[in-house]
Amino acid sequence: MPLGITLRATRVALAAAASSALLLLPSASAEQRQFLVHEEAAPALTSDDECSAEGGEGCALNALQLRAHKKNEAEPESLLQMTGSELEARRDFEAENRTGIWHYALPCYYSCNKKPGFCENYCGPMNACCKYEISGDPPECHGVRFWPVLSFYTCVSTGIQESTPDANKVPTGGGTSGPQELIYANSPDLLKPSDASVLTFYMYRSQSSENYDPENQNMASLAGVLWYLHNEIVWHPNLQRSGTNFATPKTRIEKFKVSTKATQPLWDLGMNFGVVNAFDLTKCTGPYDCTNFKEYGYPVGCENWLGGEASFPHGQWVDQNMYPGATWYSLPGPCSSKGFGEKTEACMMSEPGGACRNQTVPTGAGDCTYVYEKVGEISIDELEGINSQGTFVAMGYQEYNKDTDKGYGTDFWNGKMSMTANQNRIDAASALFKKHYPDQEDLADPPCDFNKNKFYAYASR
C-alpha cells in the first residue's frame with residue numbers, strides 16, 4: 001500500500017474535556033482540581049500489519065492511524081478532603097504507575113527554565129517539556145505519541161531510550177546535529193545550506209480523532225487523500241471508516257502548510273523531491289532499506305501514479321487512480337531506522353530527519369529540508385453531507401459499495417474511475433476548507449519531479 005504509516009497507541013487528553021471535568025467540582029482547590037484532568041496511560045505500541053514500500057493490491061495510502069482508548073473515570077469524593085501531602089503522594093503515584101510523566105498535564109515551560117526539550121528534574125526520567133506541533137522544538141519532542149494537553153508546553157514521554165550523549169556536538173547549517181555523528185557525515189554538501197528553491201504548498205492526511213505530528217509519516221495532496229479514502233476506507237460498512245489493516249475510524253481530513261527545500265546533492269540532479277519512503281511505527285521500511293538518507297540527507301519524498309520515473313515505489317497503482325493531481329509525500333523524521341519505543345538519543349543525533357529545529361524556513365541542509373504547520377481540518381461527515389451517523393447506519397445506508405461503484409443513501413463517492421466525478425469531490429473538499437478558513441491563501445501543488453533512475457544512480461557506483 002502506498003505510504004503506509006499506521007501507528008498505534010497514544011491518546012490525547014483534550015482541553016475541553018479537562019474544562020468540563022473542573023466544572024463538576026467548583027469548590028475544589030487548584031491543587032485538588034489538577035488531578036481531575038487526567039487520562040489512563042496509553043497502551044504500549046504494538047506492531048501493525050503495515051505495508052512494505054513495495055506495496056500490494058490490498059494497500060493504498062494509509063494516512064496516519066492510531067488506536068483510541070479513552071476512559072472516563074470519576075474521581076472519589078474523598079479527593080476534596082485530601083491534604084497537600086496526600087495530593088503530592090497521589091501525584092507521585094500517578095507519575096510512576098500511570099504514565100511515567102511527572103507533573104502530568106501541567107505547564108512546564110517556566111519550571112524547565114524556558115527551554116523546550118529534556119527536563120528530567122521536573123518531568124521525570126527521559127521525559128521532556130514540549131508543545132504539540134511546534135516543529136522548532138528539539139528532536140526529543142518530535143516522536144511523542146501521547147500528549148496530555150495540546151494548548152501549552154507540558155511534560156511528555158519521549159519514547160527515547162537512555163544513551164550516553166556525545167559532548168562534541170557541532171551545529172550544521174540547518175539543525176542541531178554534529179557532523180562527526182551524522183550518517184551522511186562524509187558528504188560535505190549535506191552539512192550546509194543548498195542552492196535549491198523553497199517550495200510552499202499544502203499537504204493533507206486523513207486522520208482519526210487523535211493528534212500527533214507528521215514526522216516519519218506519509219502525507220498527500222488533497223486529491224491523493226481523497227483517493228485513499230475512496231480506495232481504502234469508505235467501502236467498509238456501517239461508517240467503520242477503517243483501513244484494510246487497522247480498525248480505528250477516520251473522522252477528518254487535516255491540512256498542513258509545508259515549506260520544503262531539496263538538499264544540494266538532490267538539487268544537482270535537477271530534483272526538488274526524493275523518493276517516497278514508507279514508515280511502520282515511525283520506522284523507515286523502504287524502499288531498498290532506506291539507504292537514500294546516507295546519500296541525500298532527509299529531503300521530502302514525492303510520488304504520483306501518472307507512469308514514468310515518479311511512479312515509484314508503488315507503480316501497481318498506475319492507471320488505477322483517476323484523481324487528477326493525486327500526489328503522495330514522505331516526511332522523514334528523527335531516528336527513522338528504529339520504531340517508536342526503540343529510538344535513542346544517539347540515534348536521533350546521527351539520524352536527525354529533515355524537520356528544521358531552529359529555522360522557520362528550510363535551509364536545504366541534510367537535517368533541515370522542511371517546516372510544517374497545521375492550518376485546518378474538515379469533517380468527513382460534513383464533506384459527505386451526513387448529519388447523523390446513527391440515523392445513517394440505522395437506515396442501512398452505505399457510503400460506497402465497491403461492487404456497485406456507488407453508495408446507498410448518498411451519492412458522494414459514486415464513480416471511482418470517473419475523472420469528472422473525482423474532480424467534483426476535490427472541488428467539494430476544497431470549497432469546504434474555504435468555507436471554514438476563508439482567509440487562507442491558495443497555494444498550487446508543485447510538480448512531483450522525482451526520477452527513480454537518476455536518484456538511485458549512486459547504487460551502481
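**Notebook: strands, cores and rings**

I began with strand S1 and found that 2 bridges join S1 to strand S2 (residues 127-130), the two running antiparallel. The model I was reading is a predicted one. I looked up one bridge by residue: Gly-117 has Cys-129 as its bridge partner in S2. I then followed the sheet outward. It is an open sheet of 3 strands in the order S1-S2-S3, with antiparallel pairing. Strand S1 (117-118) and strand S3 (154-157) are the edge strands, each pairing on one side only. I noted as background that strands of a sheet pair through backbone hydrogen bonds, either parallel or antiparallel.

**Entry: the whole chain**

I recorded 12 helices and 13 strands for the secondary structure of the chain. Of the 461 residues in the chain, 55% are buried. I found an accessible surface of about 19000 Å² for the chain, and carbon and sulfur atoms account for 51% of that surface. I also looked at contacts between residues at least 6 apart in sequence: 74% of these join residues at least 24 apart.

**Entry: nonpolar cores**

Which residues touch the most other members of the largest nonpolar core? I found Leu-222, Leu-226, Ile-253, Tyr-323 and Trp-413, in a core of 29 residues. Strand S4 (198-207), helix H5 (222-233), strand S11 (370-379), helix H9 (380-384) and helix H11 (419-436) each supply at least two residues of this core. H5 gives the most, with 8 residues. I listed the contacts of Leu-226, leaving aside neighbours within four places in sequence: Ile-253, Tyr-323, Leu-383, Trp-413, Arg-425, Ile-426 and Ala-429. A second, separate core has 27 residues, including Leu-199, Phe-450, Phe-455 and Tyr-456.

**Entry: aromatic pairs**

I searched the whole structure and obtained 29 aromatic pairs. The ring centres of Tyr-109 and Tyr-110 are 5.5 Å apart and the planes stand at 90 degrees, so I entered this pair as edge-to-face. Are these two residues buried or exposed? Tyr-109 counts as partly exposed because its relative accessibility is 29%. Tyr-110, at 63% relative accessibility, counts as exposed.

I next examined Tyr-296 and Tyr-458, an edge-to-face aromatic pair with 5.8 Å from centre to centre and 75 degrees between the planes. Tyr-296 lies in helix H7 (residues 292-296) and Tyr-458 in the segment after helix H12 (452-455), so the pair ties together parts that are 162 residues apart in sequence. Both Tyr-296 and Tyr-458 are buried. I traced the ring pairs further and found that they link Tyr-288, Tyr-296, Phe-312, Phe-450, Phe-455, Tyr-456 and Tyr-458 into a cluster. Phe-450, Phe-455 and Tyr-456 of this cluster had already appeared in my entry on the second core.

**Entry: a charge over rings**

I checked Lys-255 against two rings. The charged end of Lys-255 sits over the ring of Tyr-202, 4.1 Å from the ring centre. Lys-255 also lies over the face of Phe-433, at 5.1 Å from that ring centre.

**Entry: Val-361**

Where does Val-361 lie? I placed Val-361 in the loop between helix H8 (345-350) and S11. Val-361 is partly exposed, as its relative accessible area is 45%. Not counting residues up to four places away in sequence, Val-361 touches Val-198, Cys-368 and Val-371. I noted the C-alpha to C-alpha distance from Val-361 to Val-371 as 6.6 Å, the two being 10 residues apart in sequence.

How values were computed: Residues numbered from 1 in each chain as written. Predicted model: local features only at pLDDT ≥ 70, side-chain atom pairs only at ≥ 80, totals over all residues. Heavy atoms only, no water. Phe/Tyr/Trp six-rings, centres within 6.5 Å; stacked < 30°, edge-to-face > 60°. Buried < 20%, exposed > 50% of the residue type's maximum accessible area, 1.4 Å probe, protein only. Helix = DSSP H or I, 4+ residues; strand = E, 2+ residues; numbered from the N terminus. Lys NZ or Arg CZ within 6 Å of the ring centre and 35° of its normal. Contact = heavy atoms within 4.5 Å. Areas by Shrake-Rupley, 256 points an atom, 1.4 Å probe, with all protein chains shown as cover. Pairing = 2+ DSSP bridges. Core = buried A, V, L, I, M, F, W, Y, C linked by side-chain atoms within 4.5 Å.
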